[in-house]
Amino acid sequence: MKEKLDILLVNSVAPRQRIASDAALENGLAILRTHLEDKGFAVDVIDDQRITSVEEGLPSWCLTLLRKMVDLQMKVYHRRFVYLWWLVMLLTWPVQSLALYCRRAYARRRIEDIVNLIKTKSIGFLGVKVWYGDAFTWSNLLAARVREACPQTVIVAGGPHVKVYGEEFLLNSDFDLAIMGPGEKVLTEMIVLYRQTKNKQEFLEAFRQASGSARLVKTGVYTEGDAGGKITFTTPRYRAADLEGKIYFHTLVDGFGCSWNRCRFCSHTMQVKPYHPRPVADIVAEIQSLTRQGISFFRFSSSETPFAHGKKIAEEVLKKGLNINFSMFARGVKVTPEVYDAYRCMIKAGLRAVFIGGETGHDYINQQVMNKGLTKKELINTINCIKLAADNAGKS
Ligand code: SF4
């Protein structure tokens, strides 16, 4: 790491792996680092979410034993051996609990490592990407320790948990500030202001006056002011260390939000502006830049990639001859020949998975309770349309 850092960015961790994509490339922090470095700041990232991170902190005998027990579970997983299987499961339980205990202890030690780094380098800002569940608990522990040991460090939260909970996030929290939305611009402003003030208290007061925000800062599509076309997108630069122990799977920002934005249960509806697409040229430039680093799996990040936008991206991908696979989130729609054509084009360009929320699948509940704006018939027709398009593209 460089000697002097303006900001340390940390990905929050959970002792247990939650989903496979925990170990996907960390695009959010890479975007922030790229933007801040381009502004001349010294930035570093600590991201412990790696494929093998669930093994960190376990004694080797425990890891070996756990692997053997799980192997055994798989071997006796048969109706004929049901009692034996139960016995193996029960015997695995204490080993699993011990492994979890070791993981928790290791995660707490990592907090101390981060605190020591902040102290040694007198880092003014700590930015934490906060995920849900155990990672949220860990983030709060980290914030509390940093507040105690490094009282002059400004502790800022961002990431999925802030976007879901907004103001509630900061209740009973040791974070000084939270950013709901893209953080590039506001973090830049914060660091500049921090350099002009004498200490953290003066900075917090100056920031409050300058931004008019209390502790939660809304940006991008989460605020009226920024939502009308001033949103900028940064293409992340990964370092070699970012790729180590990661699934080569890049979350690509193809836009923000979804065009419906009215489901009653959905946290994405906290966005002021329903859907904001990213320019296609930008998206394809990012794909090209990442394929040069050997990355060819992309997950489009917006809550919905409308089929017309997806088709434009696909046409550019095909025109440039890029060999990629990608997934996206979509809504069921009224199927027309245009929808079919768009999916066929996207599948030819590498679309391999589409995630569509059907919720209960029950028309009355979806409409009256959830305000889903989608009928069962439209959902099924959309699925069939995608299957036919895949068949036509030779990818069924
Ligand atoms: S369609 Fe999906 S993303 Fe859009 S509001 Fe409904 S649940 Fe949220």
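This dialogue walks through the cores, the cavity, the ligand shell and a few single residues of a predicted model.

Trainee: Where should I start, and which residues have the most contacts inside the largest nonpolar core?

Mentor: A good way in is to look for the core and then for the residues that hold many contacts within it. Here the largest nonpolar core has 37 residues, and Leu 8, Leu 126, Leu 142 and Phe 175 have the most contacts inside it. Two or more of its residues come from each of strand S1 (7–11), helix H3 (82–121), strand S3 (125–129), helix H4 (134–149), strand S4 (154–158) and strand S5 (177–180). H3 provides the largest share, six residues.

Trainee: Could we zoom in on Leu 8? Which residues does Leu 8 touch, not counting residues up to four places away in sequence?

Mentor: With those close neighbours set aside, Leu 8 touches Asp 44, Ile 46, Ile 114, Leu 117, Ile 118, Ile 123, Phe 125, Leu 126 and Gly 127. Another core lies apart from the largest one; it has 35 residues, including Ala 30, Val 280, Ile 287 and Ile 313.

Trainee: On to empty space, then. How many cavities of 30 Å³ or more does a search of the whole structure find?

Mentor: The search finds one, and the volume of the largest cavity is about 60 Å³. After the volume, read the lining. Around the largest cavity are Glu 26, Leu 29, Ala 30, Arg 33, Val 45, Asp 47, Arg 50, Tyr 238, Asp 242 and Lys 246. Helix H1 (residues 27–38) gives the most to this lining, with three residues.

Trainee: And how does the lining of the largest cavity divide by class?

Mentor: Six of the lining residues are charged, four are nonpolar and none is polar. You can read the ligand shell with the same question in mind. The residues surrounding the ligand are Cys 258, Asn 261, Arg 262, Cys 263, Phe 265, Cys 266, His 268, Ser 303, Arg 331 and Lys 372. By class, that shell has four nonpolar, three polar and three charged residues.

Trainee: How do I read a single residue? Is Met 180 buried or exposed?

Mentor: Compare its relative accessibility with the cut-off: under 20% is buried. Met 180 counts as buried because its relative accessibility is 1%. Met 180 sits in strand S5. Beyond the neighbours within four places in sequence, Met 180 is in contact with Val 162, Lys 163, Gly 166, Leu 216, Val 217, Lys 218, Thr 219, Tyr 222 and Met 270. One of these, Gly 166, is 14 residues away along the chain, with a C-alpha separation of 6.7 Å from Met 180.

Trainee: What about Leu 36: which helix does Leu 36 lie in?

Mentor: Leu 36 lies in helix H1, and it is counted as buried because its relative accessibility is 0%. Leaving aside neighbours within four places in sequence, its contacts are Ile 7, Phe 41, Val 43, Glu 184, Leu 187, Thr 188 and Ile 191. For a longer span, take Leu 36 and Ser 396: they are 360 residues apart along the chain, and their C-alpha atoms are separated by 44 Å.

Trainee: And where is Gln 288 placed?

Mentor: Gln 288 is in helix H9 (residues 280–291). With 25% relative accessibility, Gln 288 counts as partly exposed. Outside the four places on either side in sequence, Gln 288 touches Lys 320 and Leu 322. Gln 288 and Asn 323 are 35 residues apart in sequence, and 9.8 Å separates them, C-alpha to C-alpha.

Trainee: Last topic: backbone angles. Why would a positive phi catch the eye?

Mentor: A positive phi catches the eye because most residues other than glycine have a negative one. Here Glu 359 has a phi near 50 degrees, and Asn 371 has a phi near 55 degrees.

Trainee: Where are those two, and is Asn 371 buried or exposed?

Mentor: Glu 359 is in the loop between strand S12 (351–356) and helix H12 (363–369), and it is partly exposed, with a relative accessible area of 37%. Asn 371 is in the loop between H12 and helix H13 (376–392). Asn 371 is buried, at a relative accessible area of 17%.

Conventions: Residues numbered from 1 in each chain as written. Predicted model: local features only at pLDDT ≥ 70, side-chain atom pairs only at ≥ 80, totals over all residues. Heavy atoms only, no water. Core = buried A, V, L, I, M, F, W, Y, C linked by side-chain atoms within 4.5 Å. Buried < 20%, exposed > 50% of the residue type's maximum accessible area, 1.4 Å probe, protein only. Helix = DSSP H or I, 4+ residues; strand = E, 2+ residues; numbered from the N terminus. Contact = heavy atoms within 4.5 Å. 1 Å grid on protein atoms, 1.4 Å probe; cavity = no way out; pocket = protein on both sides within 12 Å on 5 of 7 lines; lining within 4 Å. Points joined across faces, edges and corners; volume = space filled by probe spheres on them. Nonpolar A, V, L, I, M, F, W, Y, C, P; charged D, E, K, R; others polar. Near = heavy atom within 4 Å.
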